[in-house]
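Me: I'm new to reading structures with a ligand in them. Could you walk me through this one?

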Amino acid sequence: MEYKAQQINQIKSVYDMISLKGKVAVITGGAGGIARAVSVGLAELGANIALIDIPPAEKELERNCQFLAEKYGVETIGVVGDVSDETSVLNAFAEIEEKLGTVDIVFSNAGITCAGMDDANITMDTWKKMLDVNLTGMLLVDRAGAEMMKKHGHGGAIINTASMSAHAINRRPIMTSQPGYATSKAGVMQLTKALAISYAPYGIRVNSISPGYVMSGLHNSMSQENLEYSVSTVPLKRFADLQEVVGAVVYLASDMSTYCIGTDLVFDGGYTLW
Ligand code: NAD
């Protein structure tokens, strides 16, 4: 091995490193807010897009796929699939393989909250549902994606959506401490690190993102009082727009981050600094 630093004329173009031309990206929770923004970013950089979500999201998937295909000239498919069900995940990936050839990028992003039901007295049904979707779902999707990359003999990038709630307990006017959500998201971070080690030998990079409050469908059931209180707890005094998630995912999905594995990228308007 020769240890020698690159010369200035050997540094690659940043545009080449960020390009996703011809890649296939799978996004779970594909009809949701964060997926909507990230799918635009990945398609604009040239990736073909597969969106996975559960019923009744079929129409939304179709609309989003049509928009991306028309605007960016990429191939798109919407697939109905439940990330918490192994057979459903495997069927979804088989359909994507059949229609788009393989998978290079997996944005494992589907997640739920159970507003009002997530406190220390959480029922076992709610607890299990939360862990099934938010944590087991990540394992099933990441594994299906990595196995497909291995089968086709290429590497890839997997990005899991954790949360600032993996790092801190969210403050609320009514003190529900969200043990189900917070535990599931903390689990996502550790799962990410473990899978990063498992798949590193295959050139498959696994990382996670931890957004703070992002205005999306996840907040539909929050009262005005709760929304305003939550904003007041963020040092930047606002929620993030959906598009503010795109850069983090693009960085981890592209060759901009080829030395980055098992890391968690926090962008939370300063929430976890308090
Ligand atoms: P969203 O509710 O708009 O989107 C979530 C999507 O996941 C929905 O379309 C939903 O139908 C889908 N989904 C739910 N269960 C599923 C399942 N079993 N299989 C497949 N799809 C399923 O919310 P969002 O903000 O876009 O959330 C995306 C991810 O970001 C989630 O993991 C969430 O926990 C995480 N997150 C969100 C915020 C935020 O403030 N919005 C902050 C941190 C992390």
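Reply: Let's start with polar contacts, meaning pairs of N or O atoms within 3.5 Å. Here, a polar side-chain atom of Asp-82 sits 2.8 Å from a nitrogen atom of the ligand. Keep in mind that this is a predicted model, where local features need pLDDT of at least 70 and side-chain atom pairs count only at pLDDT 80 or more, while totals for chains, interfaces and linings use all residues. Residues are numbered from 1 along each chain as its sequence is written, and side-chain values use heavy atoms, with hydrogens and water left out.

Me: Which atoms of Lys-185 and Val-214 lie 2.9 Å and 2.8 Å from an oxygen atom of the ligand?

Reply: For Lys-185, an N or O atom in the side chain is 2.9 Å from a ligand oxygen. For Val-214, a polar backbone atom is 2.8 Å from a ligand oxygen.

Me: How much of the ligand's accessible area does the protein cover?

Reply: Accessible area comes from the Shrake-Rupley method with a 1.4 Å probe. On its own the ligand has 830 Å², and the protein covers 91% of that.

Me: Is Gln-178 buried or exposed?

Reply: Buried means under 20% relative accessible area, exposed over 50%, and partly exposed in between (1.4 Å probe, protein chains only). Gln-178 has 9% relative accessibility, so it counts as buried. Its phi is positive, about 55°, although it is not a glycine.

Me: And what about Lys-237?

Reply: Lys-237 counts as partly exposed because its relative accessibility is 46%. Its phi is also positive, near 60°, in a residue other than glycine.

Me: Which peptide bond is cis?

Reply: The one from Pro-55 to Pro-56, with omega near 5°.

Terms used. Polar contact = N/O pair within 3.5 Å; in protein donor to acceptor, adjacent residues only side chain to side chain.
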